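Have the sequence and the 3D view open side by side. We'll take a walk through this one, stopping at a few places along the way.

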Amino acid sequence: DRQTLVAVLQFLRRSNLRESEEILRREARLLGDDLGGNVAAVATSSPGVAAVASVPPGKGEARGDCGVCPSSRREHRELGSPYAAPSLGGCPVSSPSTKITHSGDVIGSAVVVEDQPDVSAVLSAYNQQGDPTLYEEYYSGLKHFIECSLDCHRAELSQLFYPLFVHMYLELVYNQHESEAKSFFERFHGDQECYYQDDLRVLSSLTKKEHMKGNETMLDFRTSKFVLRISRDSYQLLKRHLQEKQNNQIWNIVQEHLYIDIFDGMPRSKQQIDAMVGSLAGEAKREANKAKVFFGLLKEPEFDVPLDDEDEEGENEEGKPKKKKPKKDNVGSKSKKQDPNAPPQNRIPLPELKDSDKLDKVMNMKEAARRVRLGPECLPSICFYTFLNAYQGLTAVDITDDSSMIVGGFADSTVRVWSVTPKKLRSVKTAADLSLIDKESDDVLERIMDEKTASELKILYGHSGPVYGTSFSPDRNYLLSCSEDGTVRLWSLQTFTCLVGYKGHNYPVWDTQFSPYGYYFVSGGHDRVARLWATDHYQPLRIFAGHLADVTCTRFHPNSNYIATGSADRTIRLWDVLNGNCVRIFTGHKGPIHSLAFSPNGRFLATGATDGRVLLWDIGHGLMVGELKGHTDTIYALRFSRDGEILASGSMDNTVRLWDAVKAFEDLETDDFTTATGHINLPENSQDLLLGTYMTKSTPVVHLHFTRRNLLLAAGAYSSQ
């Protein structure tokens, strides 16, 4: 498309990117100086490769997206991401970079746009006119063909119904055939899968060309190719049918707006397809889940643990003979061997351990020695913290790793921290008082605290909107909170004051979380991107762009090298902290994702959404390996027990459910065939894995936490209705 090319060349010229401009000219054999027109999509003239630089609405981030026509089965790779920066420091600036594959094809140029993208440009693709009165005929003809095809192909080809329906409807609306569009919608919208109901509701409100201008859902659908995974046999069948019938309108849409990921082998069954579809842009391309992921854990530092003297004396009080304690090696011995799947120790810079951290690790080891081994025969006790009279509206909860403090974020923009042990919360003394303290004394850390400030509850004021996410730092010195006001705040738990406000998101921030090693943290919000920050930088270190809707929840992998994000586009993405690349895309949920949990060994991810299902993913293979059904409402909390034997899920249906994680992950079929084609076989019945359901009286569960000894803590606000 010449006009399009010209627009991109103009942009490159304006941005003084002469080199990229030259390369693109050479590729497209456009040597003349004729520049005119303004369009925002690129199509190179090299055979078989079509690239689209898709620019989402709203922010300034650009997302490159490339699709390869199924006809040219050419291997192609994206070289790097415009967000990648060589080192973790400062914010990688996304320059308008043109990505070039080894063969020299220009794959897509990511364009940084400050304002709303030029909507008319994005929509102009709908200009190709077909006869509006024949659309219903085209669609019903295809529908008839698919419904009459063999069972094995029908399930796969039925995936076409939804994206074709949307594009044909939008094409009619765009070309101002409003009555035809209305009758097309009414006739066929009932045939779509139930999990697209919400999207269809939005679609039904777009009845005029003007409506399409500012509509985000509409733009997403236009700019991201809908991905369908179909076996070669089914694809050939479809192609033959459309070419025989000369059904060009549909074939054009398939070529232009769909990305068909063809695999060799048996077609998938209805169950297998249903498990994987449902996201805003179809399934993930298989290529998207091929990158190597270092999911192993980092080696723990080694240091000696003094044996408990008081324990031994305690046992010896009543003159009983001393019990011989098995001698422990120096701790950390359990992970002396380097995990073969672990990232290199220095892959990303992590903060040094302070003495206080070492002490805490020692405490942790001692607690771990007394940890209860959980299993189907030995379920954890559950202690529920109910927030009563929370008329301010409880919107977020977090509990420290050692279970000593609990924090609530509220809709009245306050953050409230409670001590849940007999030890009260105290602030540091004033500067004048601190100068009088003998700094050499052993108990100096005790002396700097001001007893007069001791209380069970501290209220932190600073946000100007509801607080949607809270997270304690691993060393319990800091607390993060994120809010509707677009900021993330860092609070000191020594002085109970705000230290920094991080401004980067321009819209509500839905979630934030500290890295398991401290220092780094992640935030995700309504602007559809997640950002990685370090506590001592004002600017984000990484910007993870790719989701098509709000980033609703964020989680660090236990080794801190990866971040998982869940989104309202119904996908989960795994991002590499080192280079900002997206290394996994998981599709299968039928509603926005609201909870994520990594298993303690780093191999698996559990996700929960508004569809009431918990899905289990094998990170290394990039596959769905389980589905836990039972909840009847949104799942807001997921947590694995400390050794990973049990998965606890908490939901708006006022229940906590416990699942047998060991059984869920044993003897998984992750052979090469499954990985290559996505033929996953989920057990029919997840009830075998359900170990228990615990009802609250009328309290939705918003947070779960296993203590170091495997007691399960749950939290939520009592709702009186």
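**A walk through the model**

Let's start with Lys 292, which counts as exposed because its relative accessibility is 55%. Keep in mind as you look that this is a predicted model. Lys 292 sits in the loop that links α12 (270–276) and α13 (309–315). Now look for Gly 620: along the chain it is 328 residues apart from Lys 292, yet the C-alpha atoms of the two are separated by 7.3 Å.

Now zoom out. The protein holds 18 helices and 35 strands. Of its 721 residues, 53% are buried. Take the contacts in the protein with a separation of 6 or more: 62% of them are between residues 24 or more positions apart.

For a helix, try α10, which covers residues 232–244. It has 13 residues and reaches 18 Å from its first C-alpha to its last, close to the 18 Å expected at 1.5 Å a residue. Which residues of α10 are buried? They are Ser 234, Tyr 235, Leu 238, His 241 and Leu 242. These buried residues cover an arc of only 130° around the axis, which puts them on the same side of α10. It helps to recall that an α-helix has 3.6 residues a turn, so residues three or four places apart point the same way. And what do the buried residues of α10 pack against? Their neighbours are α4 (135–148), α5 (151–157), β5 (226–231), α11 (248–257) and β6 (258–263). After α10 comes Gln 246, with a positive phi near 55°.

Next, the strands. Find the open sheet of four strands with the order β22-β23-β24-β25, where the pairing is antiparallel. β22 and β25 (582–587) are at its edges, each with a single partner strand, so one side of each has no neighbour in the sheet. On average, neighbouring strands of this sheet are turned by 20° against each other, direction ignored.

Let's go through that sheet strand by strand. β22 spans residues 551–556, and five of its six residues are buried, so this strand is largely enclosed by the rest of the structure. Five bridges join β22 to β23 (residues 562–567), and the two run antiparallel. One pair to look for is Arg 555 with its bridge partner Ala 564 in β23. The hairpin of β22 and β23 has five residues between the strands, and there Ser 560 takes a positive phi near 70°.

β23 itself is mostly covered, with six of its six residues buried. In a regular strand the side chains alternate between the two faces of the sheet. In β23, Tyr 562, Ala 564 and Gly 566 point one way while Ile 563, Thr 565 and Ser 567 point the other, and all are buried.

Keep going and you reach β24 (residues 571–576), joined to β23 by five bridges in an antiparallel arrangement. Here Tyr 562 stands opposite Asp 576. The hairpin formed by β23 and β24 has three residues between the strands, and Arg 570 in the turn has a positive phi of about 70°. Five bridges also join β24 to β25, again running antiparallel, and Trp 575 stands opposite Cys 582 in β25.

Cys 582 is a good place to pause. Is this cysteine buried, exposed or partly exposed? Its relative accessible area is 27%, so it is partly exposed. Another cysteine, Cys 498, counts as partly exposed too, because its relative accessibility is 29%. How many disulfides are there? The count comes to zero, where a disulfide would need a pair of cysteine sulfur atoms within 2.5 Å.

One more sheet to finish. This open sheet of four strands has the order β26-β27-β28-β29, and its pairing is antiparallel. The edges belong to β26 (593–598) and β29 (623–629), each with a single partner strand, so one side of each is left without a neighbour in the sheet. Neighbouring strands of this sheet are turned by 20° against each other on average, direction ignored. Inside the sheet, five bridges join β27 (residues 604–609) to β28 (residues 613–618), with the two running antiparallel. To see one of the pairings, find Leu 605: its bridge partner in β28 is Trp 617.

Note on methods:
Residues numbered from 1 in each chain as written. Predicted model: local features only at pLDDT ≥ 70, side-chain atom pairs only at ≥ 80, totals over all residues. Heavy atoms only, no water. Expected span 1.5 Å × (residues − 1). Buried < 20%, exposed > 50% of the residue type's maximum accessible area, 1.4 Å probe, protein only. Arc of directions from axis to C-beta. Contact = heavy atoms within 4.5 Å. Pairing = 2+ DSSP bridges. Axes fitted to C-alpha atoms, helices over the stretch in contact; angles between N-to-C directions.
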